[in-house]
Amino acid sequence: MALGDPRTDELLHELSVDRRRSSWHLVSSTGRVASGGAAVPRVLELLPGGKPLAAVADRLPMVTERAYRWVADRREWIGRLLGQRACAVDPTAPRTTDIAA
């Protein structure tokens with residue numbers, strides 16, 4: 001969900017506005033917040049076949065954080081490289097549920 005969504009204040013209440021804007025955040029169904037590279041293993045666990053990669057990411061947190069930062073710092077370049085269609089998100093697409101870890 002976008003930071004402008006009214007539910008964001010409730011979900012990310014423990015983070016400052018600057019911290020909220022500095023990265024992406026995953027909020028589990030229990031309210032636990034993981035941000036940046038620390039959230040990568042949690043997302044991988046949710047993907048089909050992602051558990052082995054999640055285990056590697058958990059065992060190498062500094063590498064995971066650096067890899068996340070590398071991608072995040074180059075997201076505009078990566079977006080141009082992949083093209084608009086590959087990076088597009090259709091906000092009108094039906095959603096069955098929000099992801100909860």
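**Exercise 1. Leucine 15**

Where in the protein chain is the place of leucine 15: which two helices flank its loop? Work from the predicted model. Then classify the residue as buried or exposed and list its contacts.

*Solution.*
Step 1. Leucine 15 sits in the loop between helix 1 and helix 2.
Step 2. Its relative accessibility is 14%. Buried means under 20%. Leucine 15 therefore counts as buried.
Step 3. Skip residues up to four places away in sequence; leucine 15 then touches Arg20, His25, Val33 and Ser35.
Step 4. Take one of these, Val33. Leucine 15 and valine 33 are 18 residues apart in sequence. Their C-alpha atoms are 9.3 Å apart in space.

**Exercise 2. Histidine 13**

Locate histidine 13, decide whether it is buried or exposed, and find the backbone oxygen that lies 2.9 Å from a polar atom of its side chain.

*Solution.*
Step 1. Histidine 13 is in the loop that runs between helix 1 (7–11) and helix 2 (17–22).
Step 2. Its relative accessibility is 56%. The cut-off for exposed is over 50%, so histidine 13 counts as exposed.
Step 3. Leave aside neighbours within four places in sequence: histidine 13 is in contact with Thr8 and Arg20.
Step 4. The backbone oxygen belongs to glutamate 10. The distance to the polar side-chain atom of histidine 13 is 2.9 Å.

**Exercise 3. Serine 28**

Place serine 28 among the strands, assign its burial class, and name the side chain with which its own side chain makes a polar contact.

*Solution.*
Step 1. Serine 28 belongs to the loop between strand 1 (25–27) and strand 2 (33–35).
Step 2. With 14% relative accessibility, serine 28 counts as buried.
Step 3. The partner is threonine 30. The polar contact joins the two side chains at 2.8 Å.

**Exercise 4. The aromatic pair**

Search the whole structure for aromatic pairs and describe the geometry and placement of what turns up.

*Solution.*
Step 1. The search gives one aromatic pair.
Step 2. The partners are tryptophan 24 and tyrosine 68, with ring centres 6.4 Å apart.
Step 3. The planes are at 45 degrees. Stacked needs under 30 and edge-to-face over 60, so the pair is tilted.
Step 4. Tryptophan 24 lies in the loop between helix 2 and strand 1, and tyrosine 68 lies in helix 5 (residues 61–73). The pair therefore ties together parts that are 44 residues apart in sequence.
Step 5. Check accessibility. Tryptophan 24, at 30%, counts as partly exposed. Tyrosine 68, at 15%, counts as buried.

**Exercise 5. The second largest pocket**

Give the volume of the second largest pocket, then analyse its lining by residue, by helix and by residue class.

*Solution.*
Step 1. The second largest pocket holds about 160 Å³ of space.
Step 2. Its lining consists of Arg21, Ser22, Ser23, Trp24, Tyr68, Arg69, Val71, Ala72, Asp73 and Arg75. Both partners of the aromatic pair, tryptophan 24 and tyrosine 68, are in this lining.
Step 3. Helix 2 and helix 5 each supply at least two lining residues. Helix 5 gives the most, with five.
Step 4. Sort by class: four nonpolar, two polar and four charged.

**Exercise 6. The whole chain**

State how many helices and strands the protein chain has, give their order, and report burial and long-range contacts.

*Solution.*
Step 1. The protein chain has seven helices and two strands.
Step 2. Along the sequence the pattern reads α-α-β-β-α-α-α-α-α.
Step 3. The protein chain has 101 residues, and 24% of them are buried.
Step 4. Consider contacts between residues at least 6 apart in sequence: 29% join residues at least 24 apart.

Key
Residues numbered from 1 in each chain as written. Predicted model: local features only at pLDDT ≥ 70, side-chain atom pairs only at ≥ 80, totals over all residues. Heavy atoms only, no water. Helix = DSSP H or I, 4+ residues; strand = E, 2+ residues; numbered from the N terminus. Buried < 20%, exposed > 50% of the residue type's maximum accessible area, 1.4 Å probe, protein only. Contact = heavy atoms within 4.5 Å. Polar contact = N/O pair within 3.5 Å; in protein donor to acceptor, adjacent residues only side chain to side chain. Phe/Tyr/Trp six-rings, centres within 6.5 Å; stacked < 30°, edge-to-face > 60°. 1 Å grid on protein atoms, 1.4 Å probe; cavity = no way out; pocket = protein on both sides within 12 Å on 5 of 7 lines; lining within 4 Å. Points joined across faces, edges and corners; volume = space filled by probe spheres on them. Nonpolar A, V, L, I, M, F, W, Y, C, P; charged D, E, K, R; others polar.
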